Amino acid sequence: MDKIKENNLYDVVKDFDEAMLVTHSTRGIHARPMAIARLDESMMAYLLTDMNSIKVEEIRANPQALLTFQSARKFATVSGELTVDDDRALIGTLWKEIWKVWFPIGKSDPNIALLKFTPSEGEFWDNAGIQGLKYVYAAAKAYVAGERPKPDAEQHSKVNMT
């Protein structure tokens, strides 16, 4: 595992509060936005869910999933595996008051569960700040030369996390 690439991936997504979770359903794939309860530098994540939701059934049938992150200039995808975790102490530790919108009883709601996402591979595109300027320069240079821009590993890279 390349620590520099892994850290770049984390740097791209660390400020996101939500991600799109893509799971397998009986009708194909199913995507929905999810609040991120916790995201570690290793890209291991916890997402909050209702134990009775369809996504829990989908995960139990096929735990392979994808998290996608997107802003105006930063993009990432991370594939991995999900497990359902109902650790009440961990739910209490990660609880955010805004989640009462979905769970009016609060963190003691017995239907609350966490989805633990264990990453296996990721890919990121960072066109923000200095990386964006580097890309614009590389793209302009490639355009003039009649070529494609060469990717910069700090701006775009695949990351194996296994």
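This text follows strand E4 and its partners and then turns to the largest pocket of a predicted model.

Strand E4 covers residues 64-70. In a regular strand the side chains alternate between the two faces of the sheet. The two faces of E4 can be listed accordingly: Ala-65, Leu-67 and Phe-69 belong to the covered face, while Gln-64, Leu-66, Thr-68 and Gln-70 belong to the uncovered one.

E4 has pairing partners in strands E1 and E5. Strand E1, residues 18-25, is antiparallel to E4, and three bridges connect the pair. Within this pairing, Leu-66 of E4 lies opposite Val-22; Leu-66 is also one of the residues on the uncovered face. Strand E5, residues 74-85, likewise runs antiparallel to E4, here with seven bridges. Leu-67, from the covered face, has Val-78 of E5 as its bridge partner. Three residues separate E4 from E5, and the two strands form a hairpin.

The second topic is the largest pocket, whose volume is about 240 Å³. Which elements give two or more residues to its lining? They are strand E2, spanning 28-39, and strand E3, spanning 45-50. The lining includes Pro-33, Met-34 and Ala-35, together with Leu-48, Thr-49 and Asp-50. Glu-18, Ser-53 and Lys-55 also line the pocket, as do the aromatic residues Trp-99, Trp-102 and Phe-103. Sorted by class, the lining comprises seven nonpolar residues, two polar residues and three charged residues.

Notes. Residues numbered from 1 in each chain as written. Predicted model: local features only at pLDDT ≥ 70, side-chain atom pairs only at ≥ 80, totals over all residues. Heavy atoms only, no water. Buried < 20%, exposed > 50% of the residue type's maximum accessible area, 1.4 Å probe, protein only. Helix = DSSP H or I, 4+ residues; strand = E, 2+ residues; numbered from the N terminus. Pairing = 2+ DSSP bridges. 1 Å grid on protein atoms, 1.4 Å probe; cavity = no way out; pocket = protein on both sides within 12 Å on 5 of 7 lines; lining within 4 Å. Points joined across faces, edges and corners; volume = space filled by probe spheres on them. Nonpolar A, V, L, I, M, F, W, Y, C, P; charged D, E, K, R; others polar.
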